[in-house]
Amino acid sequence: MCAMSPVVLLHCSGSSGAQWRSLAAQLGARHRVAAPDLIGYGSSAPWQGGEFSLAREAAAIRSLLGCLREPAHLVGHSYGGAVALHIARTRPELLLSLTLVEPSAFHLLRGGNATDLAALREITGVAGDAAAALAAGDDQGGFGRFVDYWSGPGSWAGMPVEKRIAFAPQLAKVVLDFQALLGEPAELEDECDIALPTLLIQGGSTKLPSRRVCERLRGALPEAEFGIVRGAGHMAPITHRDQINALIAAHIEGHSIHQGEDHAKLAA
């Protein structure tokens, strides 16, 4: 089988590259797949201090993309989607295509209509609660409320105790993620120049802030494909894994460069 273009998968806050294990296995037969752990998650070292931003998070991913020596398909969910959007805006030459699953680019809600501003207040409240819990040393409670916001009341309590113990210390990075997302200086108009083949995916039952970010991006990227997974919430890559994976795989295959075919065309 001829080599195909690389794929890089970026996970959400509070998770790791293992989130994409199933999709990576599905794509692995035809692509070189990387699912790195973002700063402070999985096997990655925690943030060492100083001002944090999406640009700081994106730096390591840009380095990874540069090492591939050819453009890649970039996929991001939630926080990872915001990082992917940042890279697509600032270094589009590194990419073949872009897939955003409910990107948490909450900074794009600034300057919107009344509904956008209500959504921004809602997510700013979630961020504030996480920061207050961290300051109070309540990692369990803070991470639990973060999980319940996105996945529904009782989701945290329904997790096995060992998982709760493992997740709770990540609250510090979740707080940094929110700071980066809400403090990102880019505006909606800055996204309009992204000319990459783009797929935007939204859960049909997701939260207001994510719905409004997707709607704003649809206006800024009118050529982007848009898909709704009915009945899914923000954590659709986990709760509706097969549907999400099928959409992503189809987009990637539709915009892949098959090296063998390209060489044959050049020789013809």
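Modeller: Before we start on this predicted model, one convention: contact means heavy atoms within 4.5 Å.

Colleague: Fine, so which residues in α2 meet which in α3?

Modeller: On the α2 side they are L54, A55, E57, A58, I61, R62 and L65, and these meet Y79, A82, V83, H86 and I87 of α3. Sorted by type, the residues of this contact divide into nine nonpolar, one polar and two charged.

Colleague: And at what angle do the axes of α2 and α3 cross?

Modeller: At roughly 70°, with the axes of α2 (residues 54-67) and α3 (residues 79-90) coming within 9 Å. Since 65 to 115 degrees counts as roughly perpendicular, that is the description that applies to α2 relative to α3.

Colleague: Switching to the sheet, what is the strand order?

Modeller: The sheet is open and has six strands in the order β2-β1-β3-β4-β5-β6, with parallel pairing. β2 (33-34) and β6 (225-229) are the edge strands, and each has a single partner strand, so one side of each is left without a neighbour in the sheet.

Colleague: How many bridges join β5 to β6?

Modeller: Five bridges join β6 to the parallel strand β5, which covers residues 198-203; I201, for instance, has G227 in β6 as its bridge partner.

Colleague: Which helix lies across β5 and β6?

Modeller: That is α9 (residues 208-220), which lies across β4 (95-101) as well as β5 and β6, and which runs at about 155° to β5.

Colleague: Now the largest pocket: what volume does it have, and which residues are closest to its centre?

Modeller: Its volume is about 710 Å³, and of the 32 residues lining the largest pocket, C12, S15, F167, M235 and I238 are the closest to the centre.

Colleague: Which helix supplies the largest share of that lining?

Modeller: α5 does, with five residues, while α1 (21-27), α5 (139-151), α6 (161-167), α7 (171-183) and α10 (236-239) each supply at least two. By type, the lining of the largest pocket divides into 16 nonpolar, 12 polar and four charged residues.

Definitions and conventions:
Residues numbered from 1 in each chain as written. Predicted model: local features only at pLDDT ≥ 70, side-chain atom pairs only at ≥ 80, totals over all residues. Heavy atoms only, no water. 1 Å grid on protein atoms, 1.4 Å probe; cavity = no way out; pocket = protein on both sides within 12 Å on 5 of 7 lines; lining within 4 Å. Points joined across faces, edges and corners; volume = space filled by probe spheres on them. Helix = DSSP H or I, 4+ residues; strand = E, 2+ residues; numbered from the N terminus. Nonpolar A, V, L, I, M, F, W, Y, C, P; charged D, E, K, R; others polar. Pairing = 2+ DSSP bridges. Axes fitted to C-alpha atoms, helices over the stretch in contact; angles between N-to-C directions. Parallel < 35°, antiparallel > 145°, perpendicular 65-115°, else oblique.
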